[in-house]
Amino acid sequence: MKAIVQDAYGPADVLRLRDVDRPAIGDEEVLVEVRAAAVDPGVWVLMTGRPYLMRLAGFGMRRPKVAVRGRDVAGVVAAVGARVTRFQPGQEVYGTCESGSYAEYASARQSRLAPKPAGLTFEQAAAVPVSGMTALQAVRDVARVRPGQRVLVIGATGGVGSFAVQIAKAYGASVTGVCSAAKAGLVRSLGADDVIDYAREEIDRDGARYDVVVETAGNRPLSLLRRALTPRGTLVIVGGGHTAYRFTGGMGRTFRAPLLSMFVGQRLRPVMSRERAEHLEELTRLVESGALAPVIDRAYPLSEAPDAIRRLIDGHPAGKVVVTV
């Protein structure tokens, strides 16, 4: 099969389109014929091997343990393991995979897949899993957003941010999105009640107003983020590992926030996203109810997957970047 493979850490130039064997599947795994995949910052981290802390976490010291890139996947079940009970060949599914999804076939645990939402194309479905599950856990599980709360989403047009705006709105919050002026219309179309143009105003323009701040942009100090929060508000920090320092990336705030939270009235929490079928099922419910729709910035063919990753990191996309197979 064709796949996007790398033999060493580095920039997108290390990626090559090659012929490789189809991944084998275990008893509780599913072989998916890939129709589309998506790009998220974790793909960049595994491609570059930065921050170095990631290598110590078991992803490979000198080269990636998994050579094929990509995690989000949408496609058709080609085969199932002996203990798979939730899926059968021919079924359309979406979720995350272990073997790499920038390929014609990928393997995935049945616990990380769900039936593809009705009404979504494969490209739209592939855009949902990683960013959608992260946003869901940030808004629902960490922030515990309730009806009537005021929520600020920083990076409202990014992959996680665009989902967070919609999920917070679906859960009854009043939402303000932070983005560029050119993208304000998109953020309002996602359901935001107000927009802050980061080039003209800072997030604390109205003082300690927000019950919840969801930070996906990764570049504001904790002191500034806290100034926008109510005295008992919750700050949720998403990602940051693909920026700044080589060893820790942008994870410094992630490490400091829980410690600081012990001494102040505000809850300061990072998101440690987990990928589970139950999260996909809630996202499916939101999609099929009309409350959630993936935003696609641009789609690239499999052979141009390196350009898709460059677009994510350097191009300030509005929504998700997708790879079609």
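In this predicted model, the charged end of Lys-116 sits over the ring of Phe-122, at 5.1 Å from the ring centre. A second arrangement of this kind involves Arg-22, whose charged end is placed over the ring of Tyr-105, 3.9 Å from its centre. Pairs of aromatic rings, by contrast, are absent: a search of the whole structure finds 0 of them.

From these side chains the view may widen to the fold. The protein contains 10 helices and 15 strands. Its radius of gyration is 19 Å, close to the 20 Å that the globule rule gives for 325 residues, so the protein is as compact as a globular protein of that length. Measured out along the principal axes, the C-alpha trace spans about 55 × 45 × 35 Å. Of the 325 residues, 54% are buried. The accessible surface amounts to about 13,800 Å², and carbon and sulfur atoms account for 49% of that area. Among contacts between residues at least 6 apart in sequence, 66% join residues at least 24 apart.

One residue, Val-84, may now be considered in detail. Val-84 lies in the loop between strand 4 (72–80) and strand 5 (92–96). Is this loop residue buried or exposed? Val-84 has a relative accessible area of 11%, and it is therefore buried, since the term applies to values under 20%. Beyond its neighbours within four places in sequence, Val-84 is in contact with Asp-27, Glu-28, Glu-29, Val-30 and Gln-110. Gly-100, for its part, is 16 residues from Val-84 in sequence, and the two C-alpha atoms are 20 Å apart in space.

How values were computed
Residues numbered from 1 in each chain as written. Predicted model: local features only at pLDDT ≥ 70, side-chain atom pairs only at ≥ 80, totals over all residues. Heavy atoms only, no water. Phe/Tyr/Trp six-rings, centres within 6.5 Å; stacked < 30°, edge-to-face > 60°. Lys NZ or Arg CZ within 6 Å of the ring centre and 35° of its normal. Helix = DSSP H or I, 4+ residues; strand = E, 2+ residues; numbered from the N terminus. Rg over C-alpha atoms; globule rule 2.2 N^0.38 Å. Buried < 20%, exposed > 50% of the residue type's maximum accessible area, 1.4 Å probe, protein only. Contact = heavy atoms within 4.5 Å. Areas by Shrake-Rupley, 256 points an atom, 1.4 Å probe, with all protein chains shown as cover.
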